[in-house]
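User: I'd like to go through the empty spaces in this structure with you. Can we start with what a pocket is?

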Amino acid sequence: MLGNIVVFSVTGLLGNFARSMVFPYASLYIMALDGNAKTIGFVNFLRPLLGLILFPIAGYLADRKSRIKMIVLSNHLSAAFILMYVLAPRWEVIAFTALLQGTTVVGFPPRSALIADSLSPEDRGRGIATMSTISSILSVFAPYLAGVMVDIYGPNTGVRILYSVMMFLYLGAALIHFRFLKETVADTGERITAHSLARILRTAYSDMPGMLKQLPRSAKALAGVIILSFMANGVASPFWVVYATERIGLSPSRWGLVLLCEAVLRIIMYIPGGYLVDRWGRTVSLFSALLLSLASVLLFVFTSSFAGVLCVRFVIGIASAISIPSSTALMADMI
């Protein structure tokens, strides 16, 4: 746990705390700005679109340009878009900002590359689990504190306050990344201009068919698992809080208390989960986590009490503690 891993662990404390505050209540904010279930779905449809286009470019640049500068740029873009959320008068502004927010994916490939470069293959499961544990400590309390804030100020003003805190935490993370991260590969010196972006886009996408052919069968299978998982998450996750508050009858603070308890269990399970990943193997561990996730989602729609919701989220917490180190380590092993 040295160098870049420590830096990502510390900035993960800030980022995870911010996201754990805001994301559970973002759908309530959209509804407070004259939105409804359909507009919640529309906003979450727009959110990844630009990222789908830019992700291959970000991966191309991460192998050729300063990874640290790309990560810091992503932090500053995130802070700017969060400010737009704070000032949004209606849900349409939230939708437009969500579309623009896709540009922040420029920081994802360089971050993953720096983490993989900074951990030895035999310790990646435990290393990623330990990093996840450290970076999740503060986020344990975030959903409950945010839920109390939403209870007091309502889903409009309350969530604006949460987004404001999130913006300052992202700016702090940008400063720490710029000051303390160390490059693991040299900048090739390739100049990136507006004129060259079109060429980079063509190169990034034209290289993809050949790259996909070279991938091992297991890497293609993992890609399929990730695609299906993102689809499942995209369908359900924006509406968990809406269902919990409107159908089951939980208050925002009670929902936050459920997420707090889940986070505590997940943190406790991260390091044991990492050891299981290294002992059982990545594939068996990931398969087990997916089965647990499937069971929890099915049970959620049949529960009608605080205790039932808590049990369901406990299962999700255990599944996350196994799936995060197993999938990340598996990808790092194969790519």
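Analyst: A pocket here is an open set of grid points with protein on both sides within 12 Å along at least five of seven lines, and its lining residues are those with an atom within 4 Å of a point. Please keep in mind that this is a predicted model.

User: OK, so how many residues line the second largest pocket, and which lie nearest its centre?

Analyst: The lining of the second largest pocket is made up of 13 residues, and those nearest the centre are Leu61, Leu73, Val106, Ile192 and Leu197. The pocket holds about 340 Å³ of space.

User: Which helix gives the most to that lining?

Analyst: That is H4, which contributes 4 residues to the lining of the second largest pocket. Helix H4 spans 49–62, and both this helix and helix H5 (67–87) supply at least two lining residues each.

User: And how do the lining residues of that pocket divide by type?

Analyst: In the second largest pocket, 9 of the lining residues are nonpolar, while 2 are polar and 2 are charged.

User: Switching to closed spaces, how many cavities of 30 Å³ or more turn up in the whole structure?

Analyst: The search finds 1 cavity of 30 Å³ or more, and the space in the largest cavity comes to about 40 Å³.

User: What lines the largest cavity?

Analyst: Its lining consists of Ala26, Tyr29, Ile30, Arg47, Tyr85, Ile94 and Tyr163, with helix H2 (residues 26–32) giving the most, at 3 residues. By type, the lining of the largest cavity has 6 nonpolar residues, no polar ones and 1 charged.

Conventions:
Residues are numbered from 1 along each chain as its sequence is written. This is a predicted model: local features need pLDDT of at least 70, side-chain atom pairs count only at pLDDT 80 or more; totals for chains, interfaces and linings use all residues. Side-chain values use heavy atoms; hydrogens and water are left out. On a 1 Å grid over the protein atoms alone, a cavity is a set of points where a 1.4 Å probe fits but cannot get out, and a pocket is an open set with protein on both sides within 12 Å along at least five of seven lines; lining residues have an atom within 4 Å of a point. Grid points are joined across faces, edges and corners, and a volume is the space filled by probe spheres set on the points. Ala, Val, Leu, Ile, Met, Phe, Trp, Tyr, Cys and Pro count as nonpolar, Asp, Glu, Lys and Arg as charged, and the others, Gly among them, as polar.
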